[in-house]
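Please open the structure in a viewer and keep the selection panel at hand. The stops below are arranged so that each selection leads to the next.

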Amino acid sequence: MIATWVFCILITATLLWSPYVAFGFPNRSLHLVLDSIDGFVALLVAYLLHNRFVRRRRLQDWLLCEGLVLLGLAGLIVTYLIEDVAGIRDGRLNVWVPLTVRVIGAVLVLAAALAGDRLGPRRLRSWSLAAPVLLILVVAAAGWAASSGLPVALGDDFSANSAVAPVLAGHPLLLTGQAIGAISFLVASIIVARQTARRNDELLRWLAPAATLAGFARLNYLLYPSLYTDWLYTGDVLRTACYVLLLVGALRELQLYWIAQTQVAVVEDRRRLARELHDGVMQELAYIRVESAMLPDAAASKKQITDAAVRALDEARAAVSALGSVDDEPLGYVLHRAARELAARYDVRLEVDVDDSIAADRDQRHALVRIMREAVVNAVRHGDARLVRVRLVGTDGARRLTIEDDGAGFAVDAGASSGGYGLVSMRDRAKGLPGSMRIESAPGEGSTVIVTW
């Protein structure tokens, strides 16, 4: 937003004090095109804000919606109906009615900035369009009733000379109205910029510089009152730039909304799969484990079947846990949760010491948890371990996960040559981090698994 302020100040200062820079030319058709573009964008963003109010009930969204509806209708319908349909271009009704509507719209934008996070009553959503339309009708009716007594807002002396030097011409109320609009927008831009620093709101992030452009547009209208003429000046360009930024903010808001909806759909699908695994596969595996335990001890395959069922059940539990987790869970929290589950299931004491500042993405978290689970299960089943220590530290730019147990240990060379699936799987997962895994163990001295990435 600071860059926008600097840009607008430089443009306005250059036009004020440089005798070599002049911008202004009569073009009614282009004037109407810009009015139409500005009006449609304002109504589009207002519709988006209305839906935000319906979802979140923030008074700020509703006030912004009302202000943008007034600003959009002022140029899109009010000026067109008065000047082109009714044919009134006497500098009275065709100036005062749109001016009043625009000033109220600017004040509503300021009120929205001041509202902050306050909640509004739900009944306001039914007035999102009715309130500004009724207000415009009241202003138009009052202006029509008093049209004969209204002063001429802008005389006929607005000419090409105005492109060289500022013209503080027009009725004092006209200049006052533009000043009120400029102050309202500029103060609102400062307030919204401070709110954006505290809240992650994409639309507000673009509203702050847009309000700055709108404020300096009103300041330019104060110096060069071209808004109610067929002349195009810097005020018209700055005003259109304001609505372009609002359009960008609205498109970004829509993009983030659909990204969020996609993520929600993915999470729901993962949870559905987790429920299916839990209620189907895990129940069948639990049944196989129970039935295999009832086989006669003399059965040659009893131990193999039981071990396979237990391992498959553990794998299914890990898959359910991974599917049910969210993407932004800290690595330390995930390791603690998995350790608690393993300690309760295998009746082993686990000591967990993790550095919570170490971050990892979803795939890395899943791989590290699976490596830890495999190491703990191996320590309990094959080494009869009663104590397992899990440490996660970061040193010299590298991150290291260590799983150490007090079990019987084994000969590392013999274990590597046997080609067990568990060890192979752990090494593959470590390589995918990307990283490496090292095992330190000896018979009777426990074992240590070290994963570095």
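The tour goes from the sheet to the salt bridges, then to single residues and a surface patch.

This is a predicted model, in which local features need pLDDT of at least 70, side-chain atom pairs count only at pLDDT 80 or more, and totals for chains, interfaces and linings use all residues. Residues are numbered from 1 along each chain as its sequence is written, and side-chain values use heavy atoms, with hydrogens and water left out.

**The sheet**

Begin with the five strands that form an open sheet in the order 3-4-5-7-6, with mixed pairing. Strands pair here if DSSP finds at least two bridges between them; helices (H or I, at least four residues) and strands (E, at least two) are DSSP runs, numbered from the N terminus. At the edges are strand 3 (349-354) and strand 6 (436-441), each of which pairs on one side only. From one strand to the next, the twist averages 10°.

Next, select helix 10 (residues 331-346), which packs on the sheet and touches strand 3, strand 4 and strand 5. Contact means heavy atoms within 4.5 Å. The direction of helix 10 makes about 175° with that of strand 3; axes are lines fitted to C-alpha atoms, for helices over the stretch in contact, and angles run from 0 to 180 degrees between N-to-C directions. Then add helix 11 (residues 362-383), which also packs on the sheet and touches strand 3, strand 4, strand 5 and strand 7 (447-452). The direction of helix 11 makes about 20° with that of strand 5.

Now isolate strand 4 (residues 387-395) and strand 5 (residues 398-405): the two run antiparallel and are joined by eight bridges. Within this pair, Arg389 stands opposite Glu404 of strand 5. Which side chain meets that of Glu404 in a salt bridge? The partner is Arg391, at 3.4 Å from N to O. A salt bridge is a side-chain nitrogen of Lys or Arg within 4 Å of a carboxyl oxygen of Asp or Glu. Glu404 in strand 5 and Arg391 in strand 4 are 13 residues apart. Glu404, at 26% relative accessibility, counts as partly exposed, as does Arg391 at 32%. On this scale, buried means under 20% relative accessible area, exposed over 50%, and partly exposed in between (1.4 Å probe, protein chains only).

**Salt bridges between helices**

How many salt bridges does a search of the whole structure find? The count is 14. Select Glu253 and Arg52, whose side chains meet in one at 2.9 Å, N to O. Glu253 belongs to helix 8 (residues 234-293) and Arg52 to helix 2 (residues 28-56), so this pair ties together parts that are 201 residues apart in sequence. Both Glu253 and Arg52 are buried. Extend the selection to Arg56, Asp61 and Asp201, which are linked with Arg52 and Glu253 in a network of salt bridges.

Move on to Glu202 and Arg252, which form a salt bridge with their closest N and O atoms 3.2 Å apart. Because Glu202 lies in helix 7 (residues 202-223) and Arg252 in helix 8, the pair ties together parts that are 50 residues apart in sequence. Glu202 is buried, at 10% relative accessible area, whereas Arg252 is partly exposed at 30%.

**Three buried residues**

Select Phe53 in helix 2, which is buried with a relative accessible area of 1%. Leaving aside neighbours within four places in sequence, the contacts of Phe53 include Asp61, Trp62, Pro121 and Leu124. Ser128 is 75 residues from Phe53 in sequence, yet their C-alpha atoms are 9.7 Å apart.

Turn to Gly67 in helix 3 (residues 59-85), buried at 0% relative accessible area. Beyond four places in sequence, Gly67 is in contact with Gly105 and Leu108.

Thr196, in helix 6 (residues 172-198), is buried at 13%. With residues up to four places away not counted, Thr196 touches Leu204 and Arg205.

**A surface patch**

Finally, select Trp127, Leu129, Val133, Leu134 and Leu137, a nonpolar surface patch with about 490 Å² of accessible area together. Patches are made of residues with over 30% relative accessible area and no salt bridge; like charges are joined within 9 Å, and nonpolar side chains (Val, Leu, Ile, Met, Phe, Trp, Tyr) within 5 Å. Accessible areas come from the Shrake-Rupley method with a 1.4 Å probe, and for residues only the protein chains shown count as cover. Val133 of this patch lies in helix 5 (residues 130-145) and is partly exposed, at 33% relative accessible area.
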